[in-house]
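Got your viewer open? Here is a short tour, one selection at a time.

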Amino acid sequence: MSAYEHRTVLLRGGEVHSPADPFATAMVVERGHIAWVGSEGAADAFASGVDEVMDLEGALVTPAFVDAHVHTTATGLALTGLDLSAAASLADAAERIRSYAAARPADRILIGHGWDAARWPERRPLTRTELDELTGGRPLYLTRIDVHSAVVTTALLDLVPGVRELTGFHDGQPLTGDAHHAVRAAAYAALSPRQRTEAQRAARDHAASLGIGTLHECGGPEISSEDDFTGLMDLARSEPGPRIVGYWADLDIDRARALGALGAAGDLFADGSLGSHTACLHQPYADRAVAGVAHLDAAAVAAHVVACTEAGLQAGFHAIGDAAVDAVVEGVRAASEKLGLARIRSARHRVEHAEMLTPESIAAFAELGLTASVQPAFDAYWGGDEGMYADRLGVERARTLNPYAALLRAGVPLAFGSDSPVTPLDPWGTVRAAAFHRTPEHRISVRAAFAAHTRGGWRAVGRDDAGTLVPGAPADYAIWRTGELVVQAPDDRVARWSTDPRSGTPGLPDLSPGRDLPVCLRTVVFGQTVFVRPNE
């Protein structure tokens, strides 16, 4: 850290979002922590004793966001490489691939992300023959937007001996399962250390520019590599930027600990994804006569949770389909019967995604102290009666997905994230997606959604002393240019209480659909400035 963290700074003349004082306009930061929040008049007493006074000029100060589920290197590669998320058709995607390949003749491997054939008029992915022609026969790895399947060239397949015999290889179809994991490992292994570090740096810089102060990196042997994971952790220690909390998705808890992970958790796959027909369901998909893939059963979950709890590590699982979620719940409950409910609850084990929930599984999450690490943008992208979820599941089942209001009512801790690059880093957009969920009964207030994307991310890693701007908390904050502050209910009503002293509720930006989202002017992590918007 630079000497900046040891300077005392007074910020004044703005709106400070703090539960300590709902009408605070000023804040003092000292030695990397919040020292005081309060009114403009009281700030005068501090002005002469600080190293710097910053005039906020009416800007909003909030806690920095925490993105609780990120794949940092893949995010950086999507930012700096071939991004097909905006491709409007198969033909458009083909032209982007051809141009990208032509512009990078020296790259050992071409990596891209974001195709979604469900959005294309052709309704099909590119074939291997087409990709071979577009790249001139070079190795190419292209993940679907959910990162649970990929299309590749023949040259990349040739780098993975035996891939055609692995589960998930079906000639003429996107790769899933073990075949996809093997090809992904080969693709990432072909990246040079320089390419990897540049991608990680780009992802952290981009996160900082969006007011994100902490990223939960979800690595693992089927997702990235040990070098990728430890390289990112080293980068975060040596360069300013958002904090990195590392999770390593491995049943080998000794390996996770040796790598410096907080938990053997994150994307430890109990199943796959809905878009790729690999999320594990009790009843078959509506558009294909399959019910997904189960990677872990309840016994494997229970053994892992017991081992992690006894070792003082967090356990966590990727579970999307209702059958996978139920297997995780059954396993965690079995672990609690062995070790005692109090030990399981205090460990704050996590479930990533947790999309297909029932009243019974929601009650179990609350009982077992499981954190639901969820991605509201999934609903914004694929929810609604005309969306991909409805295609896969039918409208009735699709309407049950991502029930944030029911989770909150039951007392389940929520932590919001993006799963970037599956959906982009976009914290205010994420808060908006939860507050304006496509299924109205699942909407939560902007205030609750904001808490899930700030304090919720800290609580998910076992920290109750952070994520709010109160004295003693780490000085992780962002400064925003925004419009009028309001208190927004989850049913579209906007109560304009921002000047009513009776409310006692600090306001937040109006996130109604169509309104501009706040613009980040500055991001600070542990008292250290990690982003300043140019020309501000």
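A nonpolar core here is a set of buried Ala, Val, Leu, Ile, Met, Phe, Trp, Tyr and Cys residues joined through side-chain atoms within 4.5 Å. Keep in mind that this is a predicted model.

**Stop one: the cores.** Select Val305, Phe317, Val328, Val332, Phe365, Leu407 and Phe416: these have the most contacts inside the largest nonpolar core, which has 78 residues. Now add helix 11, residues 322–339, which gives the most to this core, with eight residues. Apart from that core there is another one of 21 residues, and Ala150, Leu156, Ala179 and Ala190 are among them.

Next, show what surrounds Phe416. Setting aside neighbours within four places in sequence, its contacts include Val66, Asp67 and Ala68, then Val374 and Pro376, and further along Thr430, Ala434, Ile444 and His453.

**Stop two: helix 8.** Pick residues 226–238. This helix has 13 residues and spans 18 Å from first C-alpha to last, close to the 18 Å expected. Which of its residues are buried? Asp228, Phe229, Leu232, Met233 and Leu235 are. Look down the axis of helix 8 and the buried residues fall within an arc of 160°, so they line one face. Turn to the face pointing away from that buried side and you'll meet the exposed residues Asp227, Arg237 and Ser238. As for partners, the buried residues of helix 8 pack against helix 2 (72–80), helix 7 (193–209), strand 12 (212–219) and strand 13 (243–248).

**Stop three: helix 2 on helix 7.** Keep those two helices on screen. Their axes come within 7 Å and cross at roughly 85°, which makes helix 2 roughly perpendicular to helix 7. To see where they meet, show Thr72, Thr73, Thr75, Gly76, Leu77, Leu79 and Thr80 from helix 2, with Arg196, Ala199, Gln200, Ala202, Ala203 and His206 from helix 7.

**Stop four: some backbone oddities.** Go to the loop between strand 18 (414–416) and helix 18 (427–435), where Pro421 lies. The peptide bond from Ser420 to Pro421 is cis, with omega near 15°. Asp419 is in the loop between strand 18 and helix 18 too, and has a positive phi of about 60° although it is not a glycine. Is Asp419 buried or exposed? At 5% relative accessibility, Asp419 counts as buried.

Last, jump to Asn402, in the loop between helix 16 (395–398) and helix 17 (404–410). Asn402 has a positive phi, near 55°, and is a residue other than glycine. Asn402 is buried, with a relative accessible area of 2%.

Note on methods. Residues are numbered from 1 along each chain as its sequence is written. This is a predicted model: local features need pLDDT of at least 70, side-chain atom pairs count only at pLDDT 80 or more; totals for chains, interfaces and linings use all residues. Side-chain values use heavy atoms; hydrogens and water are left out. Helices (H or I, at least four residues) and strands (E, at least two) are DSSP runs, numbered from the N terminus. The expected span of a helix is 1.5 Å times one less than its number of residues. Buried means under 20% relative accessible area, exposed over 50%, partly exposed in between (1.4 Å probe, protein chains only). The arc is that of the directions from the helix axis to the C-beta atoms. Contact means heavy atoms within 4.5 Å. Axes are lines fitted to C-alpha atoms, for helices over the stretch in contact, and angles run from 0 to 180 degrees between N-to-C directions. Angles under 35 degrees count as roughly parallel, over 145 as roughly antiparallel, 65 to 115 as roughly perpendicular and the rest as oblique.
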